[in-house]
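User: Could you walk me through the labels used for this structure? I would like to see how each one follows from its cut-off.

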Amino acid sequence: MGLFDYAPAPESRSVVDLKPSYGLFVDGEFVDGSAGAFKSVNPATEEVLAEVAMADAADVDRAVAVARRAYDEVWSRMPGNERAKYIFRIARIIQERARELAVLESLDNGKPIRESRDVDIPLAAAHFFYYAGWADKLGHANLGPDPRPLGVAGQVIPWNFPLLMLAWKVAPALACGNTVVLKPAETTPLTALLFAEICQQADLPPGVVNILTGAGATGAAVVGHPGVDKVAFTGSTEVGRMIAKQVAGTSKKVTLELGGKAANLVFEDAPLEQAIEGIVDGIFFNQGHVCCAGSRLLVQESVAEEVVDRLRERMKTLRVGDPLDKNTDIGAINSAEQLAKIRTLTEAGEAEGATRWSPPCELPERGFFFAPTIFTGVSQAHRIAHEEIFGPVLSVLTFRTPAEAVEKANNTAYGLSAGVWTDKGSRILWLAKQMRAGVVWANTFNRFDPTSPFGGYKESGYGREGGRHGLEAYLDV
Amino acid sequence: MIGKTCHFTGKSGTTTVVGVTAQLALDDAGLRRLLHGLPPVDQVGADARAARLGTRSIKTTAKAEALDLAVRMVDLTTLEGADTPGKVRALCAKGAHPEPDQPECPSVAAICVYGDMVATAKAALAGTGIKVASVATAFPSGRAPLAVKLADTAAAVEAGADEIDMVIDRGAFLSGRYGAVAEEIAAVKQACRTGGHDAHLKVILETGELATYDNVKRASWLAMLSGADFIKTSTGKVSPAATLPVTLLMLESVRDFRAQTGRQVGVKPAGGIRTAKDAIKYLVTVNETAGPDWLSPDWFRFGASSLLNDLLLQRRKLATGVYSGPDYVTVD
């Protein structure tokens with residue numbers, strides 16, 4: 001490209017000590033699974049990283065039983081300040097081993113090392129720190145004088161932020177005195193297994209955290225197990241529906257954090273330069289594998305052309321490629337399956353008459369990659385305007401009046417997040433009230449903090465994670 | 001550009017309309033409407049963008065290129081009351097041959113001095129192609145009558161200065177007297193042409209005193225509209241001097257200004273950039289904001305004194321694998 005080509009700056013893989021195979025983590029130790037093994041693949045190279053045990057119903061039985069024992073005999077009886085010590089210790093070990101976790105996350109997931117290093121891992125540690133602080137203050141959380149834990153939590157997490165989603169689930173569960181049986185996603189189990197080692201390193205009592213790797217059937221067995229008191233799931237709306245049906249009529253408490261098709265609203269008085277960054281962060285962060293991604297750009301007609309021109313210029317500087325290169329902005333799509341889904345939906349977008357554009361960029365020959373893409377001339381009726389693509393694909397729509405902006409933004413089956421870009425404070429407050437979305441970002445996008453609750457409206461699920469609100473999901477109130 | 005009216009080239013759709021998309025009287029109110037009509041800046045977002053650009057990892061061949069480019073962009077500066085002709089000559093010698101035993105090491109872009117040292121620097125740099133830049137207009141405070149500022153400028157130009165680094169009247173800018181600032185810049189630009197010369201005009205905004213990013217952006221546009229060839233962050237005498245977010249805003253401004261008017265303006269961060277690592281962050285920001293067209297000493301400069309030594313040390317480290325330390329470069 002120009003005068004100043006950035007030479008490759010790969011992060012070293014040597015900090016990660018990958019074993020050829022991994023077992024299940026039950027009762028504080030690694031054990032063999034009873035249903036064979038599956039492979040976890042590096043999506044950037046398609047090389048096999050490790051073999052991982054597949055848990056079946058018998059393994060789930062055992063894990064739930066030890067989690068129950070740990071709950072009854074140790075964890076629920078332990079004073080909050082003692083529990084906090086373990087959780088603080090876990091947070092500190094995550095920080096100490098941050099580089100190792102970041103490299104492993106990028107290897108297994110395909111996300112750029114810049115993001116795993118600067119976002120995923122620091123935020124995961126922050127969640128443990130934050131909830132460790134709550135462990136001895138639950139009586140002051142406005143949830144009653146002495147709220148009690150629920151019991152055994154069965155947790156199923158997605159592949160887009162493997163360790164961070166683990167932290168969102170495990171940290172509040174442990175702080176509130178529950179024990180955990182967690183199933184990481186089939187394509188990204190490795191950082192959860194490293195987290196299991198961290199639990200050992202932190203001397204966490206055996207059985208408090210159990211990690212069962214596997215696929216959909218394993219997850220269904222965890223969710224459906226009669227010994228599980230609480231189900232927490234993050235993933236697709238489709239699977240969320242199955243889970244809701246599965247637990248209906250039981251005493252299980254459920255939180256679901258599902259899909260999204262967030263609107264990012266750019267008004268003509270917006271700080272345009274920062275709005276462009278927000279649009280880029282909103283949709284190209286983590287290859288667009290973000291349930292709250294700003295996948296619909298709604299821009300006021302008067303500045304639409306300028307915004308799209310500037311966005312195109314900005315997209316030309318995005319660097320797609322090796323996730324371990326420190327200068328990579330967009331890494332690999334997590335799996336061949338996801339890549340196929342993105343292709344299908346973008347082809348539908350073209351077929352329905354929207355205009356597709358990507359900057360010139362060379363994609364690596366091997367691995368699963370998809371160039372950052374925007375569609376202009378999109379109407380509400382197009383599939384790409386209402387179906388979740390879960391990839392680096394942005395649909396651009398326009399609006400004329402604030403009322404039209406609200407109407408279009410809310411015209412979706414989802415309601416996880418929204419973004420508003422305007423210099424006018426009163427408009428931000430007005431819009432935040434109008435938006436039927438769990439999170440509304442003003443002049444920023446995809447910002448996360450452990451103190452802030454997160455969750456959806458409508459088909460984006462129910463329950464809140466994070467902040468004081470996140471405690472409620474793990475307490476009997 | 002500046003007179004009673006300001007003629008604009010505007011973009012309407014994809015066709016460029018030359019001429020009179022906007023004709024604004026250049027009084028304070030007219031300028032205010034124009035400058036306050038620029039898209040606002042969100043400070044948190046601008047800071048975050050600059051920090052993100054600062055995480056680029058420039059290694060091996062890219063680093064070698066960047067270090068040499070940075071050396072070529074240095075305005076090697078001495079602006080002390082205690083400056084002597086001897087010190088200026090030493091600085092000129094260093095600027096011309098930063099590594100005397102390595103002919104492939106490039107020389108700096110310019111030597112930047114006070115007006116009374118221009119003749120000394122000019123003589124010392126004869127035949128090197130290195131420019132002499134002189135600060136003028138009652139640098140660094142800018143607090144003097146206009147006539148004095150113009151005389152200061154004219155004297156430096158007469159003495160041979162190729163470039164004039166002027167300071168804007170921050171008092172006038174901050175109190176909204178934009179017309180006064182604009183007229184002064186235009187007058188100094190005129191003074192740069194004293195005696196048939198045509199010195200380049202760098203306009204120092206002193207962003208450390210402008211308080212907000214919106215002001216930085218407005219001052220950038222005001223200076224460009226008034227005829228600046230370069231916009232420069234700081235005198236180096238006020239803290240904070242150059243910062244990456246402020247430079248980012250100025251780079252966005254020159255990019256947008258060129259897109260709108262067709263005229264390219266350069267950017268010079270000055271003050272506080274002391275390490276090669278920082279300099280590389282600025283180059284990354286230039287590359288990814290204004291674009292490669294600005295990656296040349298004609299369009300981007302570092303106003304610095306100690307930066308050059310660190311660039312040289314890092315050059316050697318890259319070539320030999322060994323860090324030699326501050327005793328192996330000359331103190332000015």
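Analyst: Gladly! A salt bridge is a side-chain nitrogen of Lys or Arg within 4 Å of a carboxyl oxygen of Asp or Glu. Between chain A and chain B the count is five salt bridges. This is a predicted model, where local features need pLDDT of at least 70 and side-chain atom pairs count only at pLDDT 80 or more, while totals for chains, interfaces and linings use all residues. Residues are numbered from 1 along each chain as its sequence is written, chains are lettered from A and ligands numbered from 1 in the order in which they are written, and side-chain values use heavy atoms, leaving out hydrogens and water.

User: What makes B:Arg52 and A:Asp281 a salt bridge?

Analyst: Their closest N and O atoms are 3.3 Å apart. That is within 4 Å, so the pair qualifies.

User: Why is the link between B:Arg49 and A:Glu277 called a polar contact?

Analyst: A polar contact is a pair of N or O atoms within 3.5 Å; within protein, one must be able to donate a hydrogen and the other to accept it, and residues adjacent in sequence count only if both atoms are side-chain atoms. The side chains of B:Arg49 and A:Glu277 are joined at 3.2 Å, so the distance fits the rule. Across this interface the rule finds ten such residue pairs, both residues at pLDDT 80 or more.

User: How do you know whether B:Arg49 is buried or exposed?

Analyst: Buried means under 20% relative accessible area, exposed over 50%, and partly exposed in between (1.4 Å probe, protein chains only). B:Arg49 has 8%, so the label is buried. Leaving aside neighbours within four places in sequence, B:Arg49 is in contact (heavy atoms within 4.5 Å) with A:Glu277, A:Arg314, B:Leu248 and B:Glu288.

User: How much area do chain A and chain B bury between them?

Analyst: About 2,500 Å², with 48% of it on carbon and sulfur atoms. Buried area is the accessible area (1.4 Å probe) that two parts lose on being put together, summed over both. The contact takes 30 residues from chain A and 31 residues from chain B.

User: Why is B:Cys105 not in a disulfide?

Analyst: A disulfide is a pair of cysteine sulfur atoms within 2.5 Å. The closest cysteine sulfur to that of B:Cys105 belongs to B:Cys92, 16 Å away, so they are too far apart for a bond. For B:Cys192, the nearest cysteine sulfur is in B:Cys112, at 13 Å, and B:Cys192 is in no disulfide either. Over all chains, the structure holds zero disulfides.

User: And what makes B:Cys192 buried?

Analyst: Its relative accessible area is 0%, which is under 20%, so B:Cys192 counts as buried. B:Cys105, at 7%, is buried too.
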